[in-house]
Amino acid sequence: MDKLVVVMGATGAGKSRLSVDLATHFGGEIVNSDKIQVYKGLDVATNKITEEERCGIPHHLLGAIDPHKEFEAKNFCDMASLAINSITCRGKLPIIVGGSNSFIEALFYDKTYEVYTRYNFCFLWVDVSMHVLNSFLTKRVDKMVEKGLVNEVRNMFNPKNADYSKGIRKAIGVPEFDRYFRAELSNSVDEETRIKLLEEAINEVKINNCKLASQQLEKIKRLINVKGWNVHRLDATEVYKKRGNEEEEMVEELWKNLVVGQSKRIMDRFLCENYRSSMDCSNDGTAINIAISAMAAASYY
């Protein structure tokens with residue numbers, strides 16, 4: 001059976017970063033499963049991984065859909081299954097990453113796509129203690145504001161359309177600013193009130209991000225405890241505790257040791273099963289990389 005890796009976790013936990021680390025090391029490509037990041041636009045508000053952060057790794061279903069259209073689980077399954085098959089046929093390792101666990105669950109259980117019967121899965125869960133993650137998410141919103149969050153959302157604000165239940169307008173960071181933008185357009189609202197509304201909107205974005213993280217965590221626990229998924233937990237709490245308090249190099253080293261190092265060891269064992277009959281698997285994963293490179297070369301030629 002072919003191999004498929006899934007990187008799970010709450011918003012802000014480091015899923016995108018780990019997926020790039022793994023794709024770089026094991027010769028993979030990434031399939032986005034975030035139901036909001038799939039849309040074009042609002043790169044700041046939706047926290048899309050930047051071109052620089054992608055490190056040249058191909059990303060599928062990221063910023064690919066018309067922001068005004070609905071994109072549901074069925075749409076994701078259709079497009080993700082095609083992307084996964086394409087990646088596999090080219091001798092690369094497909095890595096699904098995103099916080100929308102309902103999309104991932106739908107892909108695995110819908111018999112139409114034969115994903116469950118064709119692939120062996122490795123589930124990696126980047127976990128951060130909630131009180132530590134909440135602190136990070138709060139600070140992240142402040143950084144988003146510095147990067148132009150308010151102007152980005154203002155550019156798509158439509159006072160005649162208050163429907164925030166469709167397309168990219170569902171994104172956290174969009175509906176929260178509605179009252180503030182309406183106050184900007186009103187001559188009857190003074191500056192002091194506008195400033196207060198802006199502060200309230202930003203605070204609401206922070207609260208809703210923390211709520212989202214909590215909901216995503218509960219869904220992962222449900223997949224483990226109710227659905228019986230075998231998920232490997234990677235505890236990144238210490239990394240987040242050190243952020244902002246220690247030198248960046250020290251934090252990077254901690255990330256590599258606690259999260260990337262452990263996930264690579266898990267991946268080595270997972271991928272090794274495919275080649276155990278034809279080659280000896282070394283502890284450092286060299287044999288795995290050679291095998292994947294050979295597959296890629298065969299596909300290319």
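**View 1. Strand E5, a mostly covered strand**
Strand E5 (residues 119-127) has 8 of its 9 residues buried, where buried means under 20% relative accessible area with a 1.4 Å probe and protein chains only. Strands here are DSSP runs of at least two residues and helices are H or I runs of at least four, both numbered from the N terminus. A word on the source: this is a predicted model, with local features needing pLDDT of at least 70 and side-chain atom pairs counting only at pLDDT 80 or more, while totals for chains, interfaces and linings use all residues. Residues are numbered from 1 along each chain as its sequence is written, and side-chain values use heavy atoms, leaving out hydrogens and water.

**View 2. E5 and its two partner strands, E1 and E6**
On one pairing, 8 bridges join E5 to strand E1 (residues 2-9), and the two run parallel. Look for Val-6 opposite Phe-123 of E5, and for Gly-9 opposite Val-126. Val-126 also has Leu-234 as its bridge partner in E6. That second pairing, between E5 and strand E6 (residues 231-235), is parallel too, over 5 bridges. Strands count as paired if DSSP finds at least two bridges between them.

**View 3. E1 and strand E4**
Like E5, E1 is mostly covered, with 7 of its 8 residues buried. Here E1 meets strand E4 (residues 93-97) through 3 bridges, again running parallel. Val-7 has Val-97 as its bridge partner in E4.

**View 4. The whole open sheet**
Zoom out a little and 6 strands line up as E3-E2-E4-E1-E5-E6, with parallel pairing. Strand E3 (59-60) and E6 stand at the edges with a single partner strand each, so one side of each has no neighbour in the sheet. Helix H1 (residues 15-26) packs on the sheet and touches E1, strand E2 (28-32), E3, E4, E5 and E6; its direction makes about 175° with that of E4. Helix H3 (residues 73-89) packs on the sheet as well, touching E1, E2, E3, E4 and E5, and its direction makes about 180° with that of E2. Contact is heavy atoms within 4.5 Å. Axes are lines fitted to C-alpha atoms, for helices over the stretch in contact, and angles run from 0 to 180 degrees between N-to-C directions.

**View 5. Helix H6 crossing helix H9**
The axes of H6 (residues 130-146) and H9 (residues 191-225) come within 9 Å and cross at roughly 140°. That makes H6 oblique to H9, since angles under 35 degrees count as roughly parallel, over 145 as roughly antiparallel, 65 to 115 as roughly perpendicular and the rest as oblique. Residues making the contact include Met-130, Leu-133 and Leu-137 of H6 and Ile-202, Val-205 and Ala-213 of H9. Sorted by class, the contact has 10 nonpolar, 4 polar and 3 charged residues. Nonpolar covers Ala, Val, Leu, Ile, Met, Phe, Trp, Tyr, Cys and Pro, charged covers Asp, Glu, Lys and Arg, and the others, Gly among them, are polar.

**View 6. Helix H8 against H9**
H8 and H9 pack at an angle of about 160° with axes 8 Å apart, which means H8 is roughly antiparallel to H9. Arg-179, Tyr-180, Ala-183 and Glu-184 in H8 meet Arg-194, Leu-197, Leu-198 and Glu-200 in H9. That contact divides into 4 nonpolar, no polar and 4 charged residues. The buried residues of H8 (residues 178-185) are Asp-178, Tyr-180, Phe-181 and Ala-183, and they pack against helix H7 (149-154) and H9.

Definitions and conventions
Buried means under 20% relative accessible area, exposed over 50%, partly exposed in between (1.4 Å probe, protein chains only).
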